[in-house]
Amino acid sequence: MIGLTEVQQARERIAGIINETPILHSGQLSSISGNQVFLKGEHVQKTGAFKIRGATNKVKQVVKDGETYVTAASSGNHGQAVAYIANKLGIPATIVIPVGATLSKVNAIRAYHAQIETCGTTSEERLPRAMELAKLKNGVYIPPYDDPFIIAGQGTVGLEIIEQVQDVDVVVVPIGGGGLISGVLTAIKETNPSVKVIGVEPEVANDTYLSLERGEITSVEATATIADGLRTSQPGNVTFPIVQKYLDELVLVSEEEIRSAMFFVMERMKQVIEPSSAVAVAAVMYGKIRAQNKKVVCVVSGGNVDVGKLGDVFKDLK
Ligand SMILES: *Cc1c(COP(=O)(O)O)cnc(C)c1O
């Protein structure tokens, strides 16, 4: 299991490539929830999501180990991150994406000069293909979350939060495969265990919730949650034990709550965020977090949306 030292090493390794992202205060979210609410703005991170942190830590490591080609299987943000850092380090990358991936994400992958291959609609189809490509061309497959270097990289979000928000009480984090939250948990709990860390999943993608309840990794059917970064069907072998060890609480939000939190942040705070990050805001907005008069930080994990399709996203929103 990784520890604080690995997260600190990741921070040094990725410095100069990633942005230290801003903290935004929301007066309105604060008064709605009875807390002081802040957003950690990974939507303005390089490549538009926190994924560049883990990808940079991992790809830099494999290049140091002599590797010269990387692959990834991703519906978007992880693929974008791997493409960006491979290009930056001057090695080729192939990103295997699903049919119908978010257009803005695909265009970005292309802009970073990675090869794109389309394969199926589920990660069960994409993943073996990305691994096979890596094997065929003597390269290495870069996993999206279930890897110590990826987790350590994502954990740097936690280190920044502790420095940027003095006396933070609660940190609220979206959960997909669990890379982000395991990194943040490691960084925060091993620095100050009294800070509460709360995870959030969509009701329809509650695999980590069920896994915690049953005490073992449990998978759910692939879902169509609007939060496309959280569609993973089960927590990872590396991430789950960390979540089990440290997580204080996991709350669920509905699709309607996700859309309306995203709308709120865009309209009121003028920030373009994607549905996967809106889950953390939704948890605070809809009173799922039991906290009063506390300093609460929601990790806004990314901002990659098809802006042209926002009208559809918000259609019928009450
Ligand atoms: C990948 C992703 C998540 C989930 O991260 P995990 O490490 O898979 O839990 C959340 N939000 C966004 C924007 C993402 O791209």
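In this predicted model, strand E3 (residues 70-73) and strand E6 are joined by two bridges and run parallel. Within this pairing, Thr-71 has Tyr-141 of E6 as its bridge partner. Both strands belong to an open sheet of four strands, ordered E5-E4-E3-E6, in which the pairing is parallel. The edges of this sheet are formed by strand E5 (115-118) and strand E6 (140-141); each has a single partner strand, so one side of each lacks a neighbour in the sheet. Helix H4 (residues 77-89) lies across E3 and strand E4 (93-97), and runs at about 165° to E3.

A further open sheet consists of six strands in the order E1-E2-E10-E7-E8-E9, with mixed pairing. Its edges are strand E1 (23-26) and E9, and because each of them has a single partner strand, one side of each is left without a neighbour in the sheet. On average, and with direction ignored, neighbouring strands of this sheet are turned by 25° against each other. Helix H8 packs on the sheet and touches E7, E8 and strand E10 (295-300), its direction making about 170° with that of E8. Helix H11 also packs on the sheet. The strands touched by H11 are E1, strand E2 (36-41), E8 and E9, and the direction of H11 makes about 95° with that of E1.

At the E9 edge, strand E8 (residues 196-202) pairs with E9 in the parallel sense over five bridges. Val-200 has Val-251 of E9 as its bridge partner, and Pro-202 stands opposite Val-253 in E9. Although E9 is an edge strand, four of the five residues of E9 (residues 249-253) are buried, so the strand is largely enclosed by the rest of the structure.

The loop between helix H10 (239-246) and E9 contains Asp-248. This residue is partly exposed, with a relative accessible area of 36%. Leaving aside residues up to four places away in sequence, Asp-248 touches Lys-189, Val-195, Lys-196 and Val-197. With Lys-189 there is a polar contact between the two side chains, at 2.6 Å. Between Asp-248 and Gly-79, the separation is 169 residues in sequence and 30 Å in space, C-alpha to C-alpha.

Thr-186 is located in helix H8 (residues 179-189), the helix that packs on the six-stranded sheet. Thr-186 is buried, with a relative accessible area of 0%. Its side chain reaches the backbone oxygen of Ser-182 at 2.7 Å. When residues up to four places away in sequence are not counted, the residues touched by Thr-186 are Ile-2, Gly-3, Leu-4, Val-7, Ile-242 and Tyr-246.

Helix H1 (residues 4-14) and helix H3 (residues 51-64) have axes that come within 9 Å and cross at roughly 85°. The two helices are therefore roughly perpendicular. On the H1 side the contact involves Ala-10, Arg-13 and Ile-14, which meet Arg-53, Thr-56, Asn-57, Lys-60 and Gln-61 in H3. By class, this contact has two nonpolar, three polar and three charged residues.

Helix H12 is mostly covered, as eleven of its eleven residues are buried. Among the buried residues are Pro-275, Ser-276 and Ser-277, together with Val-279, Val-281, Val-284 and Met-285. Just after H12, Gly-287 takes a positive phi of about 65°.

Positive phi values also occur at residues other than glycine. Most residues other than glycine have a negative phi. Asp-167, which is not a glycine, nevertheless has a positive phi of about 60°. This residue lies in the loop between helix H7 (148-164) and strand E7 (170-174), and is exposed, with a relative accessible area of 63%. Lys-270 likewise has a positive phi, near 60°. The position of Lys-270 is in the loop between helix H11 (255-269) and helix H12 (275-285). Lys-270 is exposed, with a relative accessible area of 62%.

Notes. Residues numbered from 1 in each chain as written. Predicted model: local features only at pLDDT ≥ 70, side-chain atom pairs only at ≥ 80, totals over all residues. Heavy atoms only, no water. Axes fitted to C-alpha atoms, helices over the stretch in contact; angles between N-to-C directions. Parallel < 35°, antiparallel > 145°, perpendicular 65-115°, else oblique. Contact = heavy atoms within 4.5 Å. Nonpolar A, V, L, I, M, F, W, Y, C, P; charged D, E, K, R; others polar. Buried < 20%, exposed > 50% of the residue type's maximum accessible area, 1.4 Å probe, protein only. Pairing = 2+ DSSP bridges. Polar contact = N/O pair within 3.5 Å; in protein donor to acceptor, adjacent residues only side chain to side chain.
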